[in-house]
Amino acid sequence: MIIRNARPWGADAADVVLEGDRIVEVRPHDGSAPAADDVDGRGRLLLPSFSDVHVHLDSSRIGLPFRPHTGAPGVWGMMLNDRNNWRDTDVPHAEIVAGTLEQMIAKGTTRVRTYAQVDVDCKLEKFDSVLAAKERFREHADVQIMTFPQAGILREAGTVEYLEESLKQGADVMGGIDPCQLDRDPVTHLDTVFGLAERYQVEVDIHLHEPGALGVFSTELVLERTRALGMQGKVTMSHAYDLGSVSEAVSRRLIDEFAELDIAMATVAPSTTGHLRLVDLAEAGVRVGLGEDGQRDYWSPYGNCDMLDRTWQLAFVNGFRRDDHIELALAVATMGGASIMSRTSPRVAGVGDRPGVAAGDRADLVLVDGETPTSAVMDRGIDRTVIHDGRVVADGLKVLRR
């Protein structure tokens, strides 16, 4: 298949030749019309498809009637709001999850790392729904499932057993959350997380909301375990949005240690000022990915399945104006997340890097209207064609079925 008359990262019109799941050639557009099996780029931008590496498919209300937000402040209060309401719908939970994933694919996301809450209340119900959605769209997107103790690990007896069962059933990542604030026993919490990850040979993703020095303390415990267990390249810090609030020296040290241990970071572009600076992380070689977090769920009314919208938000909260900085946000939203899900994917090398649309790269791509990458982020057009593993899987915001 050839994608004709497309502009990789906004460059001159090109014809992009695909064989199987790879790009094999990028050559100047020869002016010929697309053949029956080709894709007509129509002069649109050609970008790597989006990678959402921090999304809670299990708590989504996409496709359901809008409801007022009723959650109490704090992680525990929000978790209880979800626990008390998520079953209160006429639509089966599995269909809500699958419908959300379908909309994400339709808008250009073909790589997803999703949380699946596991606890003594929902047991494996939410995990099973996410697993079913992954299977349903296995030819449209790569989906990794993180078994996630949203209610903590130690607060409710029996949680560890359910987490372990989900790992036996195929969870790809072991999650942890706020070791100090939620479970109030960071050593036991992290020993459990890393112990299960080591036993089942999966990666670790720590969901960290803790503020200032407390967040730094929990992060240092994660660094210690990563180093001691030889888990370099297998750990992600999610949120961690206050690690830049303590001091410049602490921020610099953490960034350097993340780079040394190849610890990745997943951000949801929060409206906070204490996060580690995106440019500093990228220039240090830290893998950074982007996610939408919840999608109009019991935690928040935000989220609409569109990573191009969230890319705009990432640029906005970082105060980006320069084109190369906004393109960095776009690179993080596409190949940044891809490099978290697979270490064989090209990394974002820093400001000015445009990875993912060259010979040898995987043919996971999205065509989107726009004059330049920056204008595409600002305008967020809907004329999109989505390609996964060298095959068109969505067009015109509709998923295509085989």
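Helix 10 (323-341) is where I would like to start, since this helix gives the most to the lining of the second largest pocket, namely three residues. Strand 8 (142-148) likewise supplies at least two residues of that lining, and helices (H or I, at least four residues) and strands (E, at least two) are here DSSP runs numbered from the N terminus.

Please keep in mind that this is a predicted model, in which local features need pLDDT of at least 70 and side-chain atom pairs count only at pLDDT 80 or more, while totals for chains, interfaces and linings use all residues. Residues are numbered from 1 along each chain as its sequence is written, and side-chain values use heavy atoms, with hydrogens and water left out.

By a pocket I mean, on a 1 Å grid over the protein atoms alone, an open set of points where a 1.4 Å probe fits, with protein on both sides within 12 Å along at least five of seven lines, and lining residues have an atom within 4 Å of a point. The second largest pocket has a volume of about 230 Å³, a volume being the space filled by probe spheres set on the points, which are joined across faces, edges and corners. Its lining has 16 residues, and those nearest the centre include Arg 111 and Arg 362.

Turning to the largest pocket, we find about 660 Å³ of space. Of its 26 lining residues, His 239, Val 268, Asp 293, Trp 299 and Ser 300 are the closest to the centre. Helix 1 (74-85) and helix 9 (307-317) are the elements that give two or more residues to this lining, and the largest share, three residues, comes from helix 1.
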